[in-house]
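Welcome, and please open your viewer. We will take a short walk through one protein chain, selecting a few places along the way.

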Amino acid sequence: CSRILSVSDALREYLEQWGYTNMTTIRNGIDLSFWDAESTQAEARRNLSLLGDTAIFLLAGRIGHDKGATVVERTLPVNALLIAAGDIPKGTFAGIAERVRTFQNQSAERMRTLYAACDVVLVPSLHLDPFPTVCLEAQACSRPVIATRHGGAKEAVKDGVTGWIVDPKDKHAFAERLRWCTEHRGELPSYGGA
C-alpha cells in the first residue's frame, strides 16, 4: 500500500510500533443533524418506561469484558440505573440485574431516545479501542462521556470539558467519577453542552 488510513492517532501510533509506515489518521465522523435530540430527557424516559428521577448511565455497542462491562458492574453506584444497549451477551450484568435496563441491538433512531434518556454515556474499554463512535453520538446528543484512556476515545472527549478520561483499570477512580456524576447531576448539562 502507498498509504494506510487509521481512524485515530492511538491506532496509528500502535501500528507504527509494529513497523507500519505511510500512515495517515482520518477520524470517523457522524451526521450531527441526525443526532439532534427529538425529545427531552423526561419525554425519553417516559417513552422507555424509565420512571423516576434517578441518575442513568448508558453503555452502548458491543458489550463485553473487553469493553468494560465488568468494570461498570463493579462500580455502578447503588442509586443509579444503567441502560445497556447493543450486542449484549446473556448473563452480562447478572450481579446488578435489578438496576440494568437492556435494549438489544437498537436502531439509530432508537439510540437517539436512549441518549436523550441518560445523564452520562460510558465508554470504559479495557483495550485499545480504535475510535468509539459512541463518543461522537453522545456528544452530538449533548451528553457528557466518561471514556477510557485506552485508544481513540481520548481524541474525541476533552477531559474536564465534554466529559472525563479515566483509567478503567483504576476501579477506585472510575467509581469516584460515577459517584460524582450522581451527586452533581445539575452540572452535567454544561459538560454535555460543551
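The tour starts with the whole chain and then moves to single helices, loops and rings.

**Before you select anything**

This is a predicted model, in which local features need pLDDT of at least 70 and side-chain atom pairs count only at pLDDT 80 or more, while totals for chains, interfaces and linings use all residues. Residues are numbered from 1 along each chain as its sequence is written, and side-chain values use heavy atoms, with hydrogens and water left out.

**Stop 1: the whole chain**

Show the chain as a cartoon. You should find eight helices and eight strands; these are DSSP runs numbered from the N terminus, with helices being H or I runs of at least four residues and strands E runs of at least two. Along the principal axes, the C-alpha atoms fill a box of roughly 55 × 35 × 30 Å.

How does the radius of gyration of the chain agree with that of a compact globule? The chain has 17 Å, and a compact globule of 194 residues would have a value near 16 Å, which agrees. The radius is taken over C-alpha atoms, and the globule rule is 2.2 Å times the number of residues to the power 0.38.

Now switch to a surface view. The chain exposes about 9,400 Å², and carbon and sulfur atoms supply 50% of that area; the areas come from the Shrake-Rupley method with a 1.4 Å probe, and for residues only the protein chains shown count as cover. Of the 194 residues, 48% count as buried. Here buried means under 20% relative accessible area, exposed means over 50%, and partly exposed lies in between (1.4 Å probe, protein chains only).

**Stop 2: helix α5**

Select residues 133-140, which form helix α5. Is this helix mostly covered or mostly uncovered? It is mostly covered, as seven of its eight residues are buried. The buried ones are Val-134, Cys-135, Leu-136, Glu-137, Ala-138, Gln-139 and Ala-140. They pack against several elements, among them β3 (55-62), α4 (108-117) and β7 (145-148). Step past the end of α5 to Ser-142, where phi is positive, near 60°.

**Stop 3: Ile-30, a visitor to α5**

Next, pick Ile-30 in the loop between β2 (23-25) and α2 (41-47). With a relative accessible area of 24%, Ile-30 is partly exposed. Which residues does Ile-30 contact, leaving aside neighbours within four places in sequence? They are Trp-35, Thr-133, Leu-136, Glu-137 and Ala-140, where contact means heavy atoms within 4.5 Å. While you are here, try a distance: from Ile-30 to Ser-6 is 16 Å, C-alpha to C-alpha, and the two are 24 residues apart in sequence.

**Stop 4: Arg-12 and Asn-22**

Go to helix α1 (residues 9-17) and select Arg-12. The relative accessible area of Arg-12 is 18%, so this residue is buried. Not counting residues up to four places away in sequence, Arg-12 touches Ser-6, Met-23 and Thr-25.

Then move to Asn-22, in the loop between α1 and β2. Asn-22 is not a glycine, yet has a positive phi of about 55°. At 41% relative accessibility, Asn-22 counts as partly exposed.

**Stop 5: Phe-93**

Phe-93 sits in the loop between β4 (80-87) and β5 (100-104). Phi of Phe-93 is also positive, near 70°. This residue counts as buried, at 2% relative accessibility.

**Stop 6: the aromatic rings**

Finally, show the side chains of Phe, Tyr and Trp. The structure holds six aromatic pairs. Rings (the six-membered one for Trp) pair if their centres lie within 6.5 Å; planes under 30 degrees apart count as stacked, over 60 as edge-to-face and the rest as tilted.

Select Trp-164 and Trp-180: their ring centres are 5.5 Å apart with the planes at 65°, so the pair is edge-to-face. Trp-164 lies in strand β8 (residues 163-166) and Trp-180 in helix α7 (residues 171-183), 16 residues apart. Trp-164 has 5% relative accessibility and counts as buried, and Trp-180 is buried at 17%.

Add Tyr-191, which forms a tilted pair with Trp-164, 4.6 Å centre to centre and 45° between the planes. Tyr-191 belongs to helix α8 (residues 188-193), so this pair ties together parts that are 27 residues apart in sequence.

For a last look, select Phe-34, Trp-35 and Tyr-115, which form one aromatic cluster.
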